[in-house]
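Visitor: I would like to go through a structure with you. Could you show me the sequence and the model?

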Amino acid sequence: MIDIYTEKKDSKDWILKNDLYFNLNTCNEEMSQNEIELIQQVDEAKLTPDKHIETKYGLGTIRNLSSGCKTLLNIVKHPDKVVCVEECGPNVLKIIFEMDNIKVYMSRPTLFEIPDDAEIRFNDTDVVTGNSGYNTWWSREYERREMDDL
Amino acid sequence: MKGEKWMIYKNITFKADPFSYDLVFDDRITLVGGDSGTGKTVLYEILEDLRLTNEYKAIKLFNYKSDEFLEAMKRCRNNFIVIDNADILINDDIRTFINFEFSNQYMLFLRNCDGLNVSDKSFKVLKLDNNRITLEEEL
């Protein structure tokens with residue numbers, strides 16, 4: 001189940017500034033082979049054992065990964081937290097929605113591929129499945145926002 | 001010229017070996033989106049140096065590390081404003097400022113265009129081809 005929250009909340013269990021959280025916390029954790037492969041997939045970056053990276057833009061450290069890649073790693077490393085995905089491109093969102101048992105914050109819909117069997121729960125209440133369920137929920141949400149003049 | 005939008009820079013061109021940047025702007029507000037990992041923050045970091053040159057001194061940069069972002073932003077006049085991490089930084093107040101402070105030009109690394117007076121020429125992605133980096137229309 002992927003939990004989506006659509007209203008922003010200030011809480012220690014939420015990660016809203018992904019770059020900051022990654023630079024201070026996640027980057028200091030051990031990276032698994034799966035996470036090294038995710039870094040390669042998203043940023044085309046090769047991570048060395050001492051956490052330097054090599055990308056087409058040059059050499060750097062793990063803190064030079066893209067915001068989208070940092071967000072993805074924050075989610076993978078901290079599945080208990082609600083992570084803001086508003087800065088993620090479609091390439092990262094596609095990977096996120098192939099995962100399970102994660103919690104994300106998004107205030108609006110984005111166009112990207114969602115697996116047909118992905119189970120998504122909005123705001124702890126509405127459960128939908130796949131791309132069509134996701135799009136239908138957002139259509140109704142926008143009707144609601146329009147009626148409420150939001 | 002009547003009807004023509006005020007632009008601080010129609011283009012920003014520079015070399016940052018091994019890359020050459022050739023950024024052309026078609027609107028007063030440019031939103032740079034696309035996939036993650038396409039070099040938006042890399043460009044932002046290069047602009048930190050470029051803005052120190054006489055030619056590009058109108059560039060003002062903001063990201064999640066900027067102090068007093070809202071106040072500093074609202075003081076900008078006749079600037080080319082670049083905001084990285086814009087999706088988590090700008091609120092309705094700033095969107096209104098961007099819409100109505102016509103003396104500035106804006107390049108926003110932003111996906112959510114709600115409440116912004118954008119045109120179909122506003123939406124761009126960074127494209128890297130043969131070490132040449134350009135802004136292309138987002139399809």
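**Helix and sheet**

Guide: Helix α3 of chain A, residues 67–77, is mostly covered, with 9 of its 11 residues buried. Please note that this is a predicted model.

Visitor: Which are the buried residues of α3(A)?

Guide: They are S67(A), G68(A), C69(A), K70(A), T71(A), L72(A), L73(A), N74(A) and I75(A). A residue counts as buried if 20 or more other C-beta atoms lie within 10 Å of its own.

Visitor: Now the sheet. What is the order of the strands in chain A?

Guide: The order is β2-β6-β7-β1-β8-β9 in chain A, so 6 strands make up an open sheet with mixed pairing.

Visitor: Why is one side of β2 and of β9 in chain A left without a neighbour?

Guide: β2 (14–15) and β9 (126–129) of chain A stand at the edges, and each has a single partner strand; therefore one side of each lacks a neighbour in the sheet.

Visitor: And how does β1(A) pair with β7 of chain A?

Guide: β1(A) and β7 (residues 102–105) of chain A are parallel, joined over 4 bridges. Within that pairing, Y5(A) has Y105(A) as its bridge partner.

Visitor: How many bridges link β1 and β8 of chain A?

Guide: There are 3 bridges between β1 (residues 2–5) and β8 (residues 119–122) of chain A, again in the parallel sense. I4(A) has F122(A) as its bridge partner, and D3(A) stands opposite R121(A).

Visitor: Which strands does helix α5 of chain A lie across?

Guide: Helix α5 (residues 130–147) lies across β8 and β9 of chain A, and runs at about 140° to β9(A).

How values were computed
Residues are numbered from 1 along each chain as its sequence is written. Chains are lettered from A and ligands numbered from 1 in the order in which they are written. This is a predicted model: local features need pLDDT of at least 70, side-chain atom pairs count only at pLDDT 80 or more; totals for chains, interfaces and linings use all residues. Two strands pair if DSSP finds at least two bridges between them. Helices (H or I, at least four residues) and strands (E, at least two) are DSSP runs, numbered from the N terminus. Two residues are in contact if their C-beta atoms, placed from the backbone, lie within 7 Å. Axes are lines fitted to C-alpha atoms, for helices over the stretch in contact, and angles run from 0 to 180 degrees between N-to-C directions. A residue is buried if 20 or more other C-beta atoms lie within 10 Å of its own, exposed if 12 or fewer, and partly exposed in between; C-beta atoms are placed from the backbone.
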